[in-house]
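Thanks for asking me to look this one over with you. Here are my notes, in an order that should suit a first visit.

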Amino acid sequence: MHKGITLAVLTMAALAAPALADTTLTLYTSQPSEDAQMTVAAFEQAHPDIKVNWIRDGTTKLTARLQAEAAAGGAMPDVLLIADSVTMEALKQQNLLAAYQSPEAKRYDPALYDAQGYYYGTKLITTGIAYHRQAPVKPTSWQDLVKPELKNMATLPSPLYSGAALIHLATLTGNPQLGWHYYQQLKDDGAMPQSGNGGVLSAITSGAKAYGVLVDFMAIREKAKGAPIEFLFPKEGVSIVTEPVAMTKKANHPEAAKAFIDFILSETGQRLVLKQGYLTADPTLPVPEGFPPRDSIKLMAFDAGKALAESEQNKQRFGELFGNQ
């Protein structure tokens with residue numbers, strides 16, 4: 001009798017517990033494969049009761065896949081870790097995300113996450129100015145790229161192909177000191193768009209262009225490998241991509257998804273971001289090797305909702321200005 005009662009109590013306790021044992025979490029991520037593997041391995045070590053099935057692709061392709069799965073009523077991922085807040089804002093408006101108020105959020109600047117908890121920025125990938133080590137002028141400002149003496153020496157990623165470039169465009173055109181007039185100046189000064197940040201990096205390191213608009217980590221990593229490239233955070237400030245994390249509306253394992261979000265935002269998760277060579281969203285942690293002090297990096301104002309509303313208009317205007325390059 002005693003054994004039967006004990007067994008019944010244990011069974012009821014097991015049913016009452018929020019079981020995560022043998023849970024398989026599905027993650028869609030646009031992180032580079034090496035970073036994604038590190039992130040998943042660290043999470044699984046912290047949560048041995050959860051396994052992660054991760055699918056890596058570009059943000060645009062993952063978004064299209066998610067939207068198709070939602071339209072077909074099929075299985076969807078539990079959690080997203082993708083490039084930018086504008087994409088997350090679009091998914092939020094399409095009712096594809098679930099709100100979650102992470103207890104870790106209190107450590108962060110409110111500008112880095114959605115107030116309702118639909119998505120959270122996990123790092124700061126800035127866009128600044130890269131230049132060849134033998135470039136004739138060391139820039140300090142966005143305005144330096146449009147000086148007459150640097151005519152035909154600059155390149156930039158196209159917002160028609162790059163999400164980070166589209167956010168950069170929205171940020172600079174929303175700045176009253178720069179605006180669309182600045183992009184007209186770039187055009188008039190002979191700045192040549194590339195399809196993406198990789199093209200800008202290649203143009204500078206090869207010496208084909210002396211200056212370029214580029215994301216920080218690409219230039220800093222290449223410099224560490226010996227490439228003849230330098231990176232500058234302009235005095236007016238830089239635009240940022242925050243690689244946000246979010247839970248989907250139809251997550252099969254919402255508790256595991258919440259655990260993943262909490263982990264990425266935790267000190268352990270943020271130290272992993274630092275180890276991977278990125279500026280952390282957590283302002284209390286140091287900067288990666290090769291970066292200047294955090295308080296010397298000025299972040300420009302950005303409104304994800306406004307950028308989303310104006311994205312097609314901005315792309316069209318850029319295409320008309322630069323010839324759809």
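1. A word on classes first: Ala, Val, Leu, Ile, Met, Phe, Trp, Tyr, Cys and Pro count as nonpolar, Asp, Glu, Lys and Arg as charged, and the others, Gly among them, as polar. With that in hand, the second largest cavity is easy to describe: its lining divides into 6 nonpolar residues, 1 polar residue and no charged ones. The lining residues are Leu156, Pro157, Pro159, Ala165, His168, Tyr183 and Val213. Strand S6 and helix H5 (163-173) are the elements that give two or more residues to this lining. The volume of this second largest cavity is about 30 Å³.

2. Please keep in mind that this is a predicted model. The protein chain has an average pLDDT of 92, and 93% of the residues score at least 70. Residues 1-18 are another matter: pLDDT stays under 50 there, and the model has 0 contacts for them beyond four places in sequence. Where pLDDT is low, the predicted coordinates should not be read in detail.

3. How many cavities of 30 Å³ or more are there? The count comes to 2. The largest cavity has a volume of about 50 Å³. Its lining is made up of Gln31, Thr39, Leu81, Thr122, Lys123, Glu243, Ile264, Gly269, Leu272, Val273 and Gln276. By class, that gives 4 nonpolar, 5 polar and 2 charged residues. Helix H10 (residues 267-275) provides the largest share of this lining, with 3 residues.

4. Now turn to the largest pocket, which holds about 1,000 Å³ of space. It is lined by 34 residues, and the closest to its centre are Thr59, Ala83, Asp84, Gly163 and Ala164. Helices H3 (59-72), H4 (85-93), H5, H8 (216-224) and H12 (311-322) are the elements that each give two or more residues to the lining of this pocket. H3 contributes the largest share, 5 residues. Sorted by class, the pocket lining has 18 nonpolar, 11 polar and 5 charged residues.

5. Helix H4 deserves a look of its own. It is mostly covered, with 8 of its 9 residues buried. Those buried residues are Ser85, Val86, Thr87, Met88, Glu89, Ala90, Leu91 and Lys92, so you will find the charged residues Glu89 and Lys92 among them. What do the buried residues of H4 pack against? Their partners are H3, S3, S4, H5, S11 and helix H11 (304-309).

6. Strand S11 (residues 245-248) is a good place to follow next. Val245 and Met247 point one way from the strand, Ala246 and Thr248 point the other way, and all of them are buried. S11 pairs with strand S3 (residues 79-81) in the antiparallel sense over 3 bridges, and Leu81 stands opposite Val245. Leu81 is also one of the residues lining the largest cavity. Strand S4 (residues 97-98) runs antiparallel to S11 as well, joined to it by 2 bridges. Here Ala98 has Met247 as its bridge partner.

7. Two loop residues make a useful pair to check. Is Val146 buried or exposed? Val146 counts as buried because its relative accessibility is 13%, and the cut-off for buried is under 20%. This residue lies in the loop between strand S5 (123-132) and strand S6 (154-157). Leaving aside residues up to four places away in sequence, Val146 touches Tyr182, Gln185, Leu186 and Asp189. As for its distance from strand S11, the C-alpha atoms of Val146 and Ala246 are separated by 39 Å, with these positions 100 residues apart along the chain.

8. The other loop residue is Pro283, placed between strand S12 (279-280) and H11. Pro283 counts as partly exposed because its relative accessibility is 44%, and that class runs between 20% and 50%. Beyond residues up to four places away in sequence, Pro283 touches Arg107 and Arg294. From Pro283 to Ala304, the C-alpha distance is 21 Å, and the two are 21 residues apart in sequence.

Key: Residues are numbered from 1 along each chain as its sequence is written. This is a predicted model: local features need pLDDT of at least 70, side-chain atom pairs count only at pLDDT 80 or more; totals for chains, interfaces and linings use all residues. Side-chain values use heavy atoms; hydrogens and water are left out. Buried means under 20% relative accessible area, exposed over 50%, partly exposed in between (1.4 Å probe, protein chains only). Helices (H or I, at least four residues) and strands (E, at least two) are DSSP runs, numbered from the N terminus. Two strands pair if DSSP finds at least two bridges between them. Contact means heavy atoms within 4.5 Å. On a 1 Å grid over the protein atoms alone, a cavity is a set of points where a 1.4 Å probe fits but cannot get out, and a pocket is an open set with protein on both sides within 12 Å along at least five of seven lines; lining residues have an atom within 4 Å of a point. Grid points are joined across faces, edges and corners, and a volume is the space filled by probe spheres set on the points. pLDDT is the predictor's confidence in each residue, from 0 to 100.
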